Amino acid sequence: MSKPKKTPVKTYTEINLSDPQYYFNREQSWLEFNNRVLHEALDPRTPLLERLKFLAIFSSNLDEYFMVRVAALRQQVEAKVTKLTSDGSTPQQQLDAINKRLLPMVTQQHAYFDQTLRPKLAASGIHILDYIDLNQEQRNYLHRYFKEQVFPVLTPLAVDPSHPFPFLSNLSLNLAVVVRDPDTREELFARVKVPQVLPRFLPLPAHLQWQQRGKTPVWTGVPLEQVIAHNLEALFPGMDIQEYHPFRITRNSDLTVEEDEADDLLLAIEQELRKRRFTGSAVRMEIPAIMPLALRDMLMDELELGEQDVYAVEGLLGLKDLMSFVGLPVPELKDPPWTPVVPPRLRNSESPMILGKSMLDVEDGEDIFTVIRRGDIMLHHPYHSFAATVQRFITEAANDRSVLAIKMTLYRTSGDSPIVSALIQAAENGKQVAVLVELKARFDEENNINWARKLEQAGVHVVYGLVGLKTHTKVVMVVRREDKCIRRYVHIGTGNYNPKTAGLYTDVGLLSCREDLGADLTDLFNYLTGYSRQLSYRKLLVAPVNMRDRFLALIRREADECRLNAESGTRSCGRIVAKMNALVDPQIIVALYEASQAGVKIDLIIRGICCLRPGVEGVSDNIRVISIIGRFLEHSRMFYFFNRGSEEVYIGSADWMQRNLSRRVEAIVQVEDPTIVMELQEILGVMLADNRQAWDLQPGGHYSQRRPPANNPEVNSQQILMDMAMN
């Protein structure tokens, strides 16, 4: 019997690495990321209120996805764009695939909330009720509340020949109401907007809450839209209420600013923000599954939506509002609380610091600059305290008599930012303060405009970045006079200067006074604030100047080393470990494929989008991709290269995406302190060993969640990093 012929494997030179079969679609990859977020809500190992949180995050993520990504695809379809993506998809094919993949996910989300989470919450004393489940006394209370607190805010809008269909604002929850005139027997349509100025879920007073086995409930209440719906007679007196159905609208909300033509970028952004509120085509409508077809068709026609733009679900709409329940005082239903620690190097110098005060008396103690002069300091948030590190660095600089100037970039910050307050204090103390505020930080534009105006009023030099580029880099430079010379102190990080997200996002940063970094940041700020065509930097990898080329060279160096070793018979080979939020850039992906073909062992830790297809024979056999989804949002970017044993580690603000490498100002720094290099390697090693929050990307595009083998301990990387910080 003859043996079956074996299909020959193509040699590397015969493989076209740009072939669409070797790439995942970006939009589909993002949906897989959000599906992993949803899984955290479905996972019984996740504490109950944390499950509710992940359910809300899933919905919030989808809102932004439709407002930006789906909206852009719809515009391309309308403009008859047929350009193919790296995976060979047209815009219309992507929209079709999104709808097909997303419908079952949304159905699963709503079914799980209604059939599983609501009963579990009720068993724990949190009763999210429907109005029809209330007794008469509870209804009487809500009727009085409606008349006093809700009714004055409502504005019913009729739709008829003399009243055109009203504009429905983005992310608005509405009631579609059908009434009948008792005289004419004519059926009429009206829209009632559920006001966002009121709480989405209305609590009942303690004396009206149901006792459960003698225990006082934690919370009992109903959705606001149901209270409105059951009191519609007050809005339409003399009319017969026929039916009502909630519906929710999502609109295109990406800004389009012609920077070249804008005399004042700040004013141009403000004008676009005003337009965002009142324009933008609808891209999605969420409705209850029981909405009659005639009403559904009427809304679709008025909003110019197709069938694939409508998501019909069971139960409540707008589940992102469930986030309000996460703040309830039931610690047993949440993750154990975590308090960030002060890094060891800074613990002995804490005493002179008084954060949040206008002045700092550090004359009798050791200031942060003295500690930095002894050597670089690595920061890892939220395991390390943001307040005791980055915030302290800027606050002390603002009040230090020897500090002459502070320069920094602000991409996103909090509404009550102590960082901005410190910068204002520095300006009032007579220091030169220059801040680059990125006005185009998506969905933070208004917040950044407000801070820019406050900073300018305080005498801070505020600039808004470069035409055509977003400034995404996270850097601070403090210029200090010491012993008749000038020394520059820097912070280069991966996260925004935002105290709130610093407690929720994982980020790393470097505090240093290395002269080469100070010189590089001086050149970078001159590039950002003045006129400069700086094309080279001593240590920094800067996008869009030299970062892409440098990363490609680092990847190819590992591949070249493997090829040389193979020719000489040496077993030693290259190694790359890279952690980021997204991998999309085709040039980087091709370089990684070529490195894999040469024998380089590559581990990629990518939280979100990954367009690279791992585990393909002859192409990416040596590439493994994992994603970690946990209580903290993985946001840090770290890049490790073996370099023949002279290991190199880089950190910074950039993902491997076209926008980061070509259309944003980014900075990556090589970590040179051997101790910090080892710390970062240990962090990467802990993540690669995770078998609790880690997911493996399969060659077919789906992710499988890791589970510890039988009788093996669970390895939760984020928990281990918390333990390491404590110890």
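## Charges over aromatic rings

The charged end of K53 lies over the ring of F54, at 4.9 Å from the ring centre. This placement belongs to a predicted model. A second arrangement of this kind involves R36 and Y703: the charged end of R36 sits over the Y703 ring, 3.8 Å from its centre.

## Aromatic pairs

Searching the whole structure yields 17 aromatic pairs. One of them joins Y22 and Y593, whose ring centres are 6.3 Å apart and whose planes meet at 70 degrees, so the pair is edge-to-face. Y22 belongs to the segment before α1 (26-42), whereas Y593 belongs to helix α15 (residues 586-598); the pair therefore ties together parts that are 571 residues apart in sequence. Y22 and Y593 are both buried.

Another pair consists of W30 and Y65, with ring centres 4.3 Å apart and planes at 5 degrees, so this pair is stacked. Because W30 is located in helix α1 and Y65 in helix α2 (residues 48-78), the contact ties together parts that are 35 residues apart in sequence. W30 has a relative accessibility of 14% and counts as buried because the cut-off is under 20%. Y65 likewise counts as buried, at 2% relative accessibility. W30 and Y65 also belong to one aromatic cluster, together with F33, F66 and Y311.

## The six-stranded sheet

An open sheet is built from six strands, arranged in the order β2-β4-β3-β7-β8-β9 with mixed pairing. Its edges are formed by β2 (157-159) and β9 (310-313), each of which pairs on one side only. From one strand to the next, the twist averages 30 degrees.

At the β2 edge, the connection to β4 (residues 187-193) is antiparallel and comprises three bridges. Within this pairing, L157 has R191 of β4 as its bridge partner. Helix α7 (residues 293-303) lies across five strands of the sheet, namely β3 (173-180), β4, β7 (240-251), β8 (282-288) and β9. Relative to β8, helix α7 runs at about 165 degrees.

## Strand β6 and its partners

Strand β6 (residues 219-223) pairs with both β1 and β5. With β1 (residues 126-128), the pairing is parallel and extends over three bridges; I126 has W219 of β6 as its bridge partner. With β5 (residues 201-203), three bridges are again present, but the two strands run antiparallel. There, P203 is matched with G221 of β6.

All five of the five residues in β6 are buried, so this strand is largely enclosed by the rest of the structure.

## The surroundings of S620

S620 is situated in the loop between β20 (601-606) and β21 (623-628). Its relative accessible area is 0%, so S620 is buried. Leaving aside residues up to four places away in sequence, S620 touches Y593, S596, R613, P614 and G615.

Two of these contacts, Y593 and S596, can be placed in helix α15, which spans residues 586-598. Y593 thus has two roles in this description: Y593 is a contact of S620, and the ring of Y593 forms the edge-to-face pair with Y22.

How values were computed: Residues are numbered from 1 along each chain as its sequence is written. This is a predicted model: local features need pLDDT of at least 70, side-chain atom pairs count only at pLDDT 80 or more; totals for chains, interfaces and linings use all residues. Side-chain values use heavy atoms; hydrogens and water are left out. Two strands pair if DSSP finds at least two bridges between them. Helices (H or I, at least four residues) and strands (E, at least two) are DSSP runs, numbered from the N terminus. Axes are lines fitted to C-alpha atoms, for helices over the stretch in contact, and angles run from 0 to 180 degrees between N-to-C directions. Contact means heavy atoms within 4.5 Å. Buried means under 20% relative accessible area, exposed over 50%, partly exposed in between (1.4 Å probe, protein chains only). Rings of Phe, Tyr and Trp (its six-membered ring) pair if their centres lie within 6.5 Å; planes under 30 degrees apart count as stacked, over 60 as edge-to-face and the rest as tilted. A charge sits over a ring if NZ of Lys or CZ of Arg is within 6 Å of the ring centre and within 35 degrees of the ring normal.
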